[in-house]
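Student: Could you walk me through the structure below, starting with helix packing and then moving on to charged pairs?

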Amino acid sequence: MDFTKVLKEFPVLKTDKILLRKLRLEDAPALKKYYSNENVYRYLDWNGPETLERSFEIINLWNKGYDEGWIIRFAIADKETDEIIGTIFLNEFEGKRAEIGYELSENYWRRGIMSEAIREVLSFGFNQLGLVRIQAFVCSENVASTEILKKFEFKEEGCLRQFECHSVTGECKDMWIYSLLNTEFQK
């Protein structure tokens, strides 16, 4: 799927608590700050940007990826302060399928923020992009992510053994694949 033919500009999505918008270079310090917490990157395949310079590079890479049509990575910004507190994305576009992924500053866990972000991105993916399937890969140890996907009725499809290897540690983890179809999505 080439979403660049569907979207004229980077989408902005709003909920009660957050704004999902394009990442900006001024978000780099906040991105580096929340990624410096091991609890945030523990189940990801990288440790996040370790320097402010690397944060700038990552933001530019993600925004270039949008322009090239391979990722839509939203900043999750606090609606009152506009400070970035996480990101959520759709990528791996193939036909009418995409993958969802996300991370959130630990300071904002258990406040319903990620649920709002996921709901909006699922709605956007199914209703505006015309996706039929959105899938997620979750580290077998990541209970919180598994729970939130099940809350949205994602179906567990199976275990991919030693599927994802961390770019820094080299440790390979089992990953579970979950999927949600547009006909199953409850807005």
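Tutor: What follows is a short exchange on one helix contact and on several salt bridges. This is a predicted model, in which local features need pLDDT of at least 70, side-chain atom pairs count only at pLDDT 80 or more, and totals for chains, interfaces and linings use all residues. Residues are numbered from 1 along each chain as its sequence is written, and side-chain values use heavy atoms, with hydrogens and water left out.

Student: At what angle do α1 and α3 cross?

Tutor: The axes of α1 (residues 28–35) and α3 (residues 52–68) cross at roughly 110° and come within 8 Å. Helices here are DSSP runs of H or I with at least four residues, strands are runs of E with at least two, and both are numbered from the N terminus. Axes are lines fitted to C-alpha atoms, for helices over the stretch in contact, with angles from 0 to 180 degrees between N-to-C directions. The crossing makes α1 roughly perpendicular to α3, a label that covers 65 to 115 degrees, while angles under 35 count as roughly parallel, over 145 as roughly antiparallel and the rest as oblique.

Student: And which residues of α1 meet α3?

Tutor: Ala-28, Pro-29, Leu-31 and Lys-32 of α1 meet Leu-52, Ser-55, Phe-56, Ile-58, Ile-59 and Trp-62 of α3, where contact means heavy atoms within 4.5 Å.

Student: Switching topic, how many salt bridges are there?

Tutor: The count comes to 10 salt bridges, each being a side-chain nitrogen of Lys or Arg within 4 Å of a carboxyl oxygen of Asp or Glu. One of them joins the side chains of Asp-82 and Arg-24, at 2.3 Å from N to O. This pair links distant parts of the chain, 58 residues apart, with Asp-82 in the loop between β3 (71–78) and β4 (84–94) and Arg-24 in the loop between β2 (18–22) and α1.

Student: Is Arg-24 buried, partly exposed or exposed?

Tutor: Arg-24 is partly exposed at 31% relative accessibility, and Asp-82 is partly exposed as well, at 26%; buried means under 20% relative accessible area, exposed over 50% and partly exposed in between, with a 1.4 Å probe and protein chains only.

Student: What about Lys-173, which residue does its side chain meet?

Tutor: The side chain of Lys-173 meets that of Glu-141 in a salt bridge, 2.9 Å from N to O. Lys-173 counts as buried at 17% relative accessibility, whereas Glu-141 is partly exposed at 40%.
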